[in-house]
Amino acid sequence: MLFEILSSLVAGGIAATTYFKQHGTGDDKTKIERIAANAGLVSKDGKKIRIYRRTKGEGFTEYVFQIPLGLSFADFEKKKHVFEDGLNIKRSTLDISLADLKTIHLRSNILEQTKTILMKKKKFRKEIEMSFDGMLKIRIYERPMPEWLPFSDSMLSQCKGWEIPIGVSRCDFVTHDFDAIPHMVVAGATRKGKSAFLKLLVSSLIARRPDDVKITILDLKGGLSFAKFKDVRQVEAVAKSPAEALEALRTIRDEMNRRLEHFLGAGIEDVKSAGVKERHFIIVDEAAQIASAGETDKEIKRLKVECEHILSEIARVAGALGYRLIFCTQYATADTLPRQIKQNADAKLCFRLQTEVASQVVLGEGETDAAHLPLIPGRAVYVTDRKNIVQCAYVADDDINRLIEPHINIRPRKEKKDIEKGNREGATSRSYSLVISET
Ligand SMILES: Nc1ncnc2c1ncn2[C@@H]1O[C@H](COP(=O)(O)OP(=O)(O)OP(=O)(O)O)[C@@H](O)[C@H]1O
């Protein structure tokens with residue numbers, strides 16, 4: 001009896017493994033065709049998608065279909081979540097291996113042990129990716145993406161120039177190159193990983209380009225998230241109020257204008273051809289806090305309007321001058337994400353958002369992916385000229401401290417300038433104080 005149960009379990013395991021190896025995960029081709037038909041992805045004359053090829057890759061099965069005339073890839077991409085749900089209907093695939101079966105002890109209760117294995121095993125959803133190169137390609141993955149990617153120093157050594165690590169996609173280590181694409185919009189609902197990404201970004205920049213990077217952080221949520229960076233020599237300011245933000249932005253605008261005049265006078269096209277190594281990153285942690293729309297206090301509204309104006313100017317003209325804008329928000333609306341900033345930020349990193357409308361505000365018309373990301377912190381859609389689903393690397397506090405520690409120092413910050421400025425219009429009487437080393 002025992003032998004029969006065990007041998008049928010083992011036989012079942014072998015059969016399932018062999019089946020999945022040969023066929024991907026079940027008859028997914030037929031399912032895809034049926035889902036497409038049921039989701040209305042059929043041409044007016046009734047033509048349906050037609051299978052062209054099925055191939056097995058490392059960890060995935062790829063189905064290539066011909067799309068009927070009159071339909072576009074965007075029509076299919078919009079329904080990606082419908083395909084994913086459809087492929088997962090009725091059952092989730094159980095990740096059981098022969099190794100699990102081998103853990104069963106013949107002398108104890110086999111049925112109990114089997115039940116425990118089944119309960120312990122995490123159910124996973126099949127995940128898909130879609131692309132188009134004249135044919136619709138749908139990849140169905142056998143394993144889910146990692147839910148947790150700890151930061152490691154080797155990620156920094158894989159970066160070149162002004163690249164920083166972002167995380168991993170299905171197939172690759174993903175970096176962002178701020179010299180190729182200067183400005184980035186980062187969006188996502190609360191607790192999905194925006195601040196963690198910003199910490200990864202700031203720590204990476206400081207560790208990789210300590211002598212060339214300058215960072216200004218507008219953290220109007222109270223400055224707690226970035227408190228640990230405020231004494232780092234590369235950090236020009238951590239502004240915690242609209243007045244402080246405006247003060248920091250006015251300083252940047254003045255620098256920017258001086259550089260622009262110099263470039264124009266000398267016939268220099270951009271910061272690269274000028275041989276200027278410095279890049280100044282301006283990070284807005286929560287755009288809603290600086291948005292003037294809805295602000296009832298007249299004086300604060302005036303400050304915010306000017307902040308918005310300078311930020312738009314940075315997005316429009318300052319890329320060539322060496323300024324980089326990282327503009328983040330959890331509320332993806334037209335008020336928090338000004339048109340000029342969105343249009344000039346060619347990179348978007350979008351964590352899960354609550355609605356398809358919010359996803360489209362950030363990623364563009366028809367781009368609903370961010371609303372259908374799984375509820376995994378750090379999971380995001382990264383869009384440049386390509387779109388990738390990524391799991392962002394998570395940099396723990398100990399790693400941040402280790403990376404920035406050599407750059408924490410004593411230095412006077414802007415006191416002189418502040419005294420001269422006094423209570424200049426628009427700025428509060430706050431002055432920067434002497435920064436004391438934490439070491
Ligand atoms: N890349 C990641 N990998 C794994 N876990 C993460 C990742 N990013 C964030 N988390 C987890 O999610 C929590 C919330 O993340 P984070 O502080 O970045 O949220 P947020 O999007 O900035 O939220 P809020 O807008 O409310 O400040 C973190 O404390 C961490 O536990």
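Two strands count as paired if DSSP finds at least two bridges between them. With that in hand, here are some exercises on this predicted model.

**Exercise 1. The open sheet**

Task: Find how β5 pairs with β6, then work out where β5 stands in its sheet.

Solution:
- Start with the pair itself. Strand β6 covers residues 136-141, and six bridges link it to β5 in the antiparallel sense. One place to look is Glu-127, which stands opposite Tyr-141 in β6.
- Next, place the pair in its sheet. The sheet is open, has four strands in the order β1-β2-β6-β5, and its pairing is antiparallel.
- Now read off the edges. β1 (50-57) and β5 (127-132) each have a single partner strand, so one side of each is left without a neighbour in the sheet.
- Finally, check the twist. On average, neighbouring strands here are turned by 20 degrees against each other, direction ignored.

**Exercise 2. Helices across the sheet**

Task: Which strands does helix α2 lie across, and which does helix α4 lie across?

Solution:
- Take α2 (residues 28-38): this helix lies across β1, β2 (60-66) and β6, and runs at about 45 degrees to β2.
- Then turn to α4 (residues 80-87). Helix α4 lies across β5 and β6, at about 140 degrees to β5.
- Put the two together: β6 is among the strands crossed by α2, and β6 is also crossed by α4.

**Exercise 3. An enclosed strand**

Task: Explain why strand β12 (residues 279-284) is largely enclosed by the rest of the structure, then follow the chain on to β13.

Solution:
- A residue is buried if 20 or more other C-beta atoms lie within 10 Å of its own. Six of the six residues of β12 are buried, so the strand is largely enclosed.
- Look at both faces. In a regular strand the side chains alternate between the two faces of the sheet. Here Arg-279, Phe-281 and Ile-283 point one way, while His-280, Ile-282 and Val-284 point the other way, and all are buried.
- Identify the partners. Strand β10 (residues 213-218) runs parallel to β12 and is joined to it by six bridges; Lys-214 has His-280 as its bridge partner. Strand β13 (residues 323-329) is also parallel to β12, with five bridges, and Ile-283 has Ile-326 as its bridge partner there.
- Trace the connection. From β12 the chain passes through helix α10 (residues 298-317) to β13, a β-α-β crossover that is right-handed.
- Pause in the loop between β12 and α10, where Gly-294 lies. Gly-294 is exposed, with 10 other C-beta atoms within 10 Å.

**Exercise 4. Around the ligand**

Task: How many residues surround the ligand, and which helix gives the most to the shell?

Solution:
- Count first: 14 residues surround the ligand, and the closest are Gly-193, Ser-195, Ala-196, Pro-377 and Gly-378.
- Sort them by character: five are nonpolar, six polar and three charged.
- Then assign them to elements. Helix α8 (residues 194-208) gives the most, with three residues.

**Exercise 5. A helix and its packing**

Task: Which residues of helix α12 (residues 356-363) are buried, and what do they pack against?

Solution:
- List the buried residues: Ala-358, Ser-359, Val-361, Val-362 and Leu-363.
- Find their neighbours. These buried residues pack against β9 (184-187), β14 (347-351) and β15 (379-383).
- Step past the helix end: just after α12, Gly-364 takes a positive phi of about 110 degrees.

Conventions: Residues numbered from 1 in each chain as written. Predicted model: local features only at pLDDT ≥ 70, side-chain atom pairs only at ≥ 80, totals over all residues. Axes fitted to C-alpha atoms, helices over the stretch in contact; angles between N-to-C directions. Contact = placed C-beta atoms within 7 Å. Buried ≥ 20, exposed ≤ 12 C-beta atoms within 10 Å, placed from the backbone. Right-handed = clockwise from strand over helix to strand, strands pointing away. Near = placed C-beta within 6 Å. Nonpolar A, V, L, I, M, F, W, Y, C, P; charged D, E, K, R; others polar.
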